[in-house]
Each structure stands twice: as structure tokens, then as C-alpha cells.
Amino acid sequence: MNRNTYQVVSFNGKEYQLDYVLSAYVRLHLQALTMTGYTVEQSRAHRPDLIAVDAYGLPDNWWVICLVNGIVNPQRELFAGRFLNIPNQQDVEEVLQNMLSSTRFASRVGNKVSL
């Protein structure tokens with residue numbers, strides 16, 4: 001049985017394959033960006049997709065908010081009153097484009113582990 005060691009994420013309709021190393025690269029660069037503050041309201045608690053709609057206009061961009069803020073389990077960590085850092089949309093796109101241009105896409109093909 002083969003298992004992928006990367007995940008496919010979407011940001012503004014474009015898909016990106018992130019493995020552990022690329023996730024760390026993206027998180028490091030995203031955390032260096034200028035952020036907007038956001039306090040989670042009760043209606044948005046445990047719902048990173050709704051916060052992403054507020055911040056970026058698309059629910060698929062939720063993973064950026066979780067990655068930047070170190071949220072692994074939104075059900076436990078995304079509660080009302082929590083303060084979040086939200087990076088600028090254009091800056092996120094620039095970081096993701098730089099990631100694509102700095103890595104060879106062919107290296108993603110062999111990213112499978114036999115179990």
C-alpha cells in the first residue's frame with residue numbers, strides 16, 4: 001500500500017502540494033509577513049473556514065490561518081476570544097509562488113512511502 005507524504009492544499013483556486021519540509025518553509029515565511037489581528041467571535045469558534053471567508057473571501061484558504069497560528073486541532077484550539085494573526089492575501093500568494101519557483105515539481109512525484 002502506498003501513502004502520500006504530502007497534502008494538496010488550495011489557495012485562491014490554485015492547488016499546491018505541501019510535504020513536511022515545504023510546510024515548514026511556508027510557515028516560516030508566512031510568519032514573517034505583516035499580519036492583521038483577528039479575534040474569534042462565538043459564531044466563528046471551531047470554524048476556520050468561516051474565518052477564512054471573513055479574511056480572504058474563500059473557505060478553502062482556512063489552512064493558511066491554522067498554519068500561521070500553529071493550530072493543529074481547530075475543535076480544541078479555535079475558541080471564542082482567541083486572537084489570530086491573518087497574513088495579507090497578496091503576500092501569501094507571493095510566498096506560495098516563490099515556493100513553486102524554488103522547488104522542482106518533479107521531486108514531488110517520488111513522494112510516496114510504502115506501508
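This note goes through a predicted model of a protein point by point.

1. **Overall make-up.** The protein contains five helices and six strands. Read from the N terminus, the order of its elements is β-β-β-α-β-α-α-α-β-α-β. The chain thus opens with three strands before helix α1, and the last element listed is a strand.

2. **Burial and surface.** The protein has 115 residues, and 33% of them count as buried. About 7,000 Å² of the protein is exposed, and 51% of that area comes from carbon and sulfur atoms.

3. **Contacts along the chain.** Take the contacts between residues at least 6 apart in sequence: 70% of these join residues at least 24 apart. Two pairs in the points below show how residues separated in sequence can lie a few Å apart in space: Ile65 with Ile86, whose C-alpha atoms are 6.2 Å apart, and Thr39 with Phe83, at 4.4 Å.

4. **Helices α2 and α3.** Helix α2 covers residues 48-56 and helix α3 covers residues 62-69; their axes lie 8 Å apart, at an angle of about 100°. That angle makes α2 roughly perpendicular to α3, because angles of 65 to 115 degrees are put in that class. On the α2 side the contact is formed by Pro48, Asp49, Ile51, Ala52 and Tyr56, and on the α3 side by Trp62, Val64, Ile65 and Cys66. Sorted by class, these are eight nonpolar residues, no polar ones and one charged one. The charged residue is Asp49.

5. **Helices α1 and α5.** A second packed pair is α1 (residues 20-31) with α5 (residues 89-102), at an angle of about 140° and with axes 10 Å apart. The crossing of α1 past α5 is right-handed. From α1, the residues in this contact are Leu22, Tyr25, Val26, His29 and Leu30; from α5 they are Val92, Val95, Leu96, Asn98, Met99 and Ser102. Eight of these residues are nonpolar, three are polar and none is charged.

6. **How enclosed is α3?** Which residues of α3 are buried? They are Trp63, Val64, Ile65, Cys66, Val68 and Asn69. Since six of the eight residues of α3 are buried, the helix is largely enclosed by the rest of the structure. Just after α3 comes Gly70, which has a positive phi of about 70°.

7. **Ile65.** This residue belongs to helix α3. Its relative accessibility is 1%, so Ile65 counts as buried, the cut-off being under 20%. Setting aside residues up to four places away in sequence, Ile65 touches Ile51, Ala52, Tyr56, Leu84 and Ile86. Of these, Ile51, Ala52 and Tyr56 belong to α2. Ile86 is 21 residues from Ile65 along the chain, yet their C-alpha atoms are separated by 6.2 Å.

8. **Ser23.** Ser23 is part of helix α1. With a relative accessibility of 17%, Ser23 counts as buried. Apart from residues up to four places away in sequence, Ser23 touches Leu18 and Leu67.

9. **Thr39.** Strand β4 (residues 35-39) includes Thr39. Is Thr39 buried, exposed or partly exposed? At 44% relative accessibility, Thr39 counts as partly exposed, because that class lies between the 20% and 50% cut-offs. Beyond its neighbours within four places in sequence, Thr39 is in contact with Gly81, Arg82 and Phe83. Thr39 and Phe83 stand 44 residues apart in sequence, while their C-alpha atoms are 4.4 Å apart.

10. **Positive phi in two loops.** Asn12 lies in the loop between β2 (6-11) and β3 (14-19). Its phi is near 55°, a positive value in a residue other than glycine. Asn12 is partly exposed, with a relative accessible area of 21%. His46 lies in the loop between β4 and α2. Although His46 is not a glycine, it has a positive phi of about 65°. The relative accessible area of His46 is 31%, so this residue counts as partly exposed.

Conventions. Residues are numbered from 1 along each chain as its sequence is written. This is a predicted model: local features need pLDDT of at least 70, side-chain atom pairs count only at pLDDT 80 or more; totals for chains, interfaces and linings use all residues. Side-chain values use heavy atoms; hydrogens and water are left out. Helices (H or I, at least four residues) and strands (E, at least two) are DSSP runs, numbered from the N terminus. Buried means under 20% relative accessible area, exposed over 50%, partly exposed in between (1.4 Å probe, protein chains only). Contact means heavy atoms within 4.5 Å. Accessible areas come from the Shrake-Rupley method with a 1.4 Å probe; for residues, only the protein chains shown count as cover. Axes are lines fitted to C-alpha atoms, for helices over the stretch in contact, and angles run from 0 to 180 degrees between N-to-C directions. Angles under 35 degrees count as roughly parallel, over 145 as roughly antiparallel, 65 to 115 as roughly perpendicular and the rest as oblique. A crossing is left-handed if the near helix is turned anticlockwise from the far one by less than a right angle, and right-handed if clockwise.
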